[in-house]
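Colleague: Could you take me through a single part of this protein slowly, as I am new to reading structures? I would like one helix, and then whatever lies around it.

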Amino acid sequence: MAVALSPDQELAAKTFLDTLNESGAACVSRATAIKFLLARKFDVARAHALWRQHEATRRREGLTKFEPFEDPLKTELATGKFTILPTRDATGAAIAVFTANRHFPTQTTHQTTLQGVVYQLDVALQSVETQRAGLVFIYDMTDSKYTNFDYELSQKILTMLKGGYPAKLKKVLIVTAPLWFKAPFRILRLFVREKLRERVHTVSAPQLGVHVPRVSLPKQLGGLHEPDHNAWLEHCRNCYTNNIQNSKLDGVIDEYVISNHIPPVKPQNGIIEREGECDMTSDRAVRLGDNSTDMHISGDPPYTCDTSPLRHTQGYNGDMKSRHINSGDEEDIDISTRGTWSSGEVSPGLSDEECGGGGGGAGGETPAALLARVRSLGRRGLVAEYEEIRARAPHGTFHNAKLPSNLAKNRYTDVLCYDHSRVLLSQTDPDDPTTDYINANYVDGYKQKNAYICTQGPLPKTFGDFWRMVWEQGTLVIVMTTRAMERGRVKCGQYWPLGVGTRVVHAAHAITTEAVEQEDDYTITHLLLTDLRTEQSRRVWHGQYTRWPDYGVPGGGRAAPVLRFLHRVRRAQHAALADLGDAWAGHSRGPPIVVHCSAGIGRTGTFLTLDICAMRLGAEGVADVRATVERIRAQRAHSIQMPDQYVFCHLAILEYAVMQGYLESADLSGFDDEHEDESE
């Protein structure tokens, strides 16, 4: 693989090296210079600042001379407490795991532990893809005790990664943090900048799937493969040996190559070419095998020296496509390619900033422009626009939903959930991988990845799965846009207790109704959800919109009632998040909101469209209904099921614009209100 530098980047690299030479710094190779520049978007001043901080950290912590084949570092590496996985996340970032229960502070020094971490990180960072895409750091506290925790060491690692190491830190995921960790965690978060702080998450093992695809995780974290740490160490050994030999042959004594094992790279006409049999860059993405419905990683050797040992495994089906990641610094967020997805492709991961109100935040219409377009198209024109969207083939596959053991978990045989965006539950039966299935998909919100979970109305046989999902995803708010019985048909099971003080148990969770608020158009129920395995509890707000007819749209086409309900939902999420305080370290808008109707596509998709467009209108003064619907349908198949729902979304956003003062009025006299005889 070759990476071309632009003329400006060429100049930046030359300036970086010239400045270091003038300052009398140790010899630094071109590869080292580009690594630091990539970490700071080729801003020479900031790259120099990073280099100086890294240099200071290396000197201060004794990271200048490693002896990886002799004790104590040899023994430290063999513990496997820190390792680099042979996979990548959906954006191409490398994944590092520190297993806390293997660390014993009384048996090793900070210097030795840090050397073990940096020695392996340096090998991983030989890959240009890793330099660009960055690093996800998982701190696994499963089964750890207070005696395994070293606050000062944790602070040093976090401080080094956030500003003293030339790798973009994309996320820090603290898994299964015990209760005693809460106080140290509050203090640790103070050591990171605010933007990075938003990417420091405390999660349960099942919640890891929100951040890293399960196929990229090891079995110890609920994943599907077992990394060979010894093979990884052998790869590191080979790289170390080759780097030393290459340095001697080239006659270039780069201190970073000798002590930090960064391979020298010979530039040729602005191209960084792969050099030496241990270069870890890769010009190909690994394809999943034919058994991709089982989510097995292909049987390639896990670690090699001629290609990258880190593999993309962001989806379960389709060809994995190589990712070109925008360069950024430690304050960047996850970036991956945008674009149109054809049938069979996995959905590309989006950053929070790219999750705009449709189309990744691009485009959009002012309320006046939207009004003019709606008037011009009329109802028939909007219906025709919708039919064009509906006629497109699905954006993904449904293999897991079609597995024999999962078919009975689907309320409707023709309403299935995509593989690429489905919510994975914890596996309750180690011998049955399908116990991770529920008919539910993540959907992005306005500048918030995985803001919602769209799901079907729970069936009696899936009540336990539904509450397990709510618990594992940290959900605080549930939105229900259907009644249990409509037009003589059961549309949703009664999965929560109706009477105040009533308690029901579904599988491993108990649900108690604490209070009920009855409004004209909706009912609010305050629930207490308890995990019977741990006796931990949290409150869940349940809002049911009761006047959304099965054959129609809310309020005969008037949007005010549903917009008021939407406002109550947002207030509830904000209040519940405030109650959590420091216990929540994720996105500022909180964990995913679960939204369902009967099938989880019609009224559910309409609600999401209104929420996303209203939020974008308030933030940017523009909205894009069509692009928002297209984006939702790419993550939850067939969302917005009826033409009337698509029309209603446009009319509701115009009504919202009038309510908020963006428009004086929205006169649509003569607009055809005839409804199609369709339902979800």
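Modeller: Here is a close look at one helix, followed by some of its surroundings and the chain as a whole. Please keep in mind that this is a predicted model, in which local features need pLDDT of at least 70, side-chain atom pairs count only at pLDDT 80 or more, and totals for chains, interfaces and linings use all residues. Residues are numbered from 1 along each chain as its sequence is written, and side-chain values use heavy atoms, with hydrogens and water left out.

Let us start with helix H18, which spans residues 625-633. Helices here are DSSP runs of H or I with at least four residues, strands are runs of E with at least two, and both are numbered from the N terminus. H18 is mostly covered, with 8 of its 9 residues buried. Buried means under 20% relative accessible area, exposed means over 50%, and partly exposed lies in between, using a 1.4 Å probe and protein chains only. The buried residues of H18 are Val-625, Arg-626, Ala-627, Thr-628, Val-629, Arg-631, Ile-632 and Arg-633.

What do they pack against? The partners are helix H13 (367-390), strand E10 (440-445), helix H17 (602-620) and helix H19 (643-659). Contact means heavy atoms within 4.5 Å.

Now follow one of those partners, H19, where you will find Glu-655. Glu-655 has a relative accessible area of 12%, so it counts as buried. Leaving aside neighbours within four places in sequence, Glu-655 is in contact with Arg-558, Ala-559 and Ala-560.

H17 and H19 also bring us to a pair of cysteines, Cys-613 and Cys-649. Their sulfurs are 7.2 Å apart, and Cys-649 holds the closest cysteine sulfur to that of Cys-613, yet this is too far for a bond. Cys-613 is buried, at 1% relative accessibility. A disulfide is a pair of cysteine sulfur atoms within 2.5 Å, and the structure holds 0 of them. Elsewhere, the sulfur of Cys-236 is 6.6 Å from its closest cysteine sulfur, in Cys-239, which is again too far for a bond.

Finally, step back to the whole protein chain. The chain has 19 helices and 19 strands, and buried residues make up 60% of its 680 residues. Among contacts between residues at least 6 apart in sequence, 71% join residues at least 24 apart.
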